[in-house]
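Work through the exercises below with the model open beside you. Each task is followed by a solution in short steps.

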Amino acid sequence: MKLLHLDASALGSHSVSRGLTAAIVAELTRSQPGTEVVYHDLVAHPLPHWTPVSDASDPAAVLGAQMMDEFLAADVVVIGAPMYNFSIPSQLKAWIDRITVAGKSFRYGPNGPEGLAGGKRVIVASTRGGIYSEGSAAVSMDFQETYLRALFGFLGVTDLEFVRAEGVAISEDNKAESVKSAHASIGVVARKAA
């Protein structure tokens with residue numbers, strides 16, 4: 001199995017999403033010995049914002065091709081996606097801009113867009129300071145999970161799951177309970193992959 005692991009939190013050792021992605025990857029590799037893992041810390045080594053490049057030898061084009069190849073080759077993609085200002089970190093968006101390319105991960109046909117990146121599993125460690133899930137008063141402000149669902153669906157990914165810890169900024173007790181609940185769901189997620 002080929003696994004692509006991405007972290008996008010700027011909080012370093014204080015990051016809840018980094019802890020969750022590490023636990024997800026550890027569980028998946030434990031249950032699937034021999035898994036090949038490619039890791040990118042998108043904060044420590046940020047991708048430049050996307051701009052048009054006409055020369056394939058340009059370093060930005062080479063880096064973009066590498067990101068695309070890794071994404072397309074992955075059987076499983078584990079993404080740490082904290083909510084920043086109701087959406088995702090710009091570092092993660094810069095990666096998304098490298099993997100959302102017409103003719104590579106999707107195409108336009110006579111019936112509209114068609115995703116070309118199906119057949120893989122995407123697991124998102126979603127963390128939020130507040131509570132934005134279905135049924136909350138702030139659900140209309142969720143441009144994090146709704147965006148990621150729309151994006152990966154557009155690319156043809158139908159096996160998309162979220163391991164969620166929300167309300168982590170409300171109180172230490174709420175954070176501890178939410179993180180505990182998220183960790184408890186990781187075993188279920190990993191067994192599904194086996």
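## Exercise 1: Aromatic pairs

F71, W95 and F152 form one aromatic cluster. The model is predicted.

**Task.** Classify the pair F71 and W95 by its geometry, and state which elements hold the two rings.

**Solution.**
- Step 1. Place the pair in context: the structure holds five aromatic pairs.
- Step 2. Take the geometry. The ring centres of F71 and W95 are 5.8 Å apart, with 85° between the planes.
- Step 3. Apply the cut-off: planes over 60 degrees apart count as edge-to-face. The pair of F71 and W95 is therefore edge-to-face.
- Step 4. Locate the rings. F71 belongs to helix α2 and W95 to helix α3 (residues 90-99), so the pair ties together parts 24 residues apart in sequence.
- Step 5. Check burial. Both F71 and W95 are buried.
- Step 6. Look for a charge. K120 places its charged end over the ring of F71, 5.0 Å from the ring centre.

**Task.** Do the same for F86 and Y132, then decide for each residue: buried or partly exposed?

**Solution.**
- Step 1. The ring centres lie 6.1 Å apart and the planes stand at 75°, so F86 and Y132 are edge-to-face.
- Step 2. The pair links distant parts of the chain, 46 residues apart. F86 is in the loop between β3 and α3, and Y132 is in the loop between β6 and α4.
- Step 3. Buried means under 20% relative accessible area. Y132 has 14%, so Y132 is buried.
- Step 4. F86 has 33% relative accessibility and counts as partly exposed.

## Exercise 2: The sheet and its helices

**Task.** Give the strand order of the five-strand sheet and explain why β2 and β7 each have a side without a neighbour.

**Solution.**
- Step 1. The sheet is open, its pairing is parallel, and the order is β2-β1-β3-β6-β7.
- Step 2. β2 (36-41) and β7 (159-166) are at the edges with a single partner strand each, so one side of each has no neighbour in the sheet.
- Step 3. From one strand to the next, the twist averages 15°.
- Step 4. Take one pairing in detail. β6 (residues 121-128) and β7 are joined in the parallel sense by eight bridges. Within this pairing, V124 has F162 in β7 as its bridge partner.
- Step 5. Add the helices. α4 (residues 145-154) packs on the sheet and touches β3, β6 and β7, at about 170° to the direction of β7. α2 (residues 59-73) lies across β1 (2-7), β2 and β3 (76-82), and runs at about 140° to β2.

**Task.** Describe how β4 and β5 are connected.

**Solution.**
- Step 1. β4 (residues 106-109) and β5 (residues 112-115) run antiparallel, joined by four bridges.
- Step 2. The link is a hairpin through two residues.
- Step 3. One bridge pairs G109 with G112 in β5.

## Exercise 3: Two strand residues

**Task.** Characterise V76 and D41 by position, burial and contacts.

**Solution.**
- Step 1. V76 lies in β3. V76 has a relative accessible area of 4% and is buried.
- Step 2. Leaving aside neighbours within four places in sequence, the contacts of V76 include M1, L28 and I123.
- Step 3. D41 lies in β2. At 16% relative accessibility, D41 is buried too.
- Step 4. Beyond four places in sequence, D41 is in contact with D7 and R18.
- Step 5. A polar atom of the D41 side chain lies 3.0 Å from the backbone nitrogen of V43.

Terms used. Residues are numbered from 1 along each chain as its sequence is written. This is a predicted model: local features need pLDDT of at least 70, side-chain atom pairs count only at pLDDT 80 or more; totals for chains, interfaces and linings use all residues. Side-chain values use heavy atoms; hydrogens and water are left out. Two strands pair if DSSP finds at least two bridges between them. Axes are lines fitted to C-alpha atoms, for helices over the stretch in contact, and angles run from 0 to 180 degrees between N-to-C directions. Contact means heavy atoms within 4.5 Å. Buried means under 20% relative accessible area, exposed over 50%, partly exposed in between (1.4 Å probe, protein chains only). A polar contact is a pair of N or O atoms within 3.5 Å; within protein, one must be able to donate a hydrogen and the other to accept it, and residues adjacent in sequence count only if both atoms are side-chain atoms. Rings of Phe, Tyr and Trp (its six-membered ring) pair if their centres lie within 6.5 Å; planes under 30 degrees apart count as stacked, over 60 as edge-to-face and the rest as tilted. A charge sits over a ring if NZ of Lys or CZ of Arg is within 6 Å of the ring centre and within 35 degrees of the ring normal.
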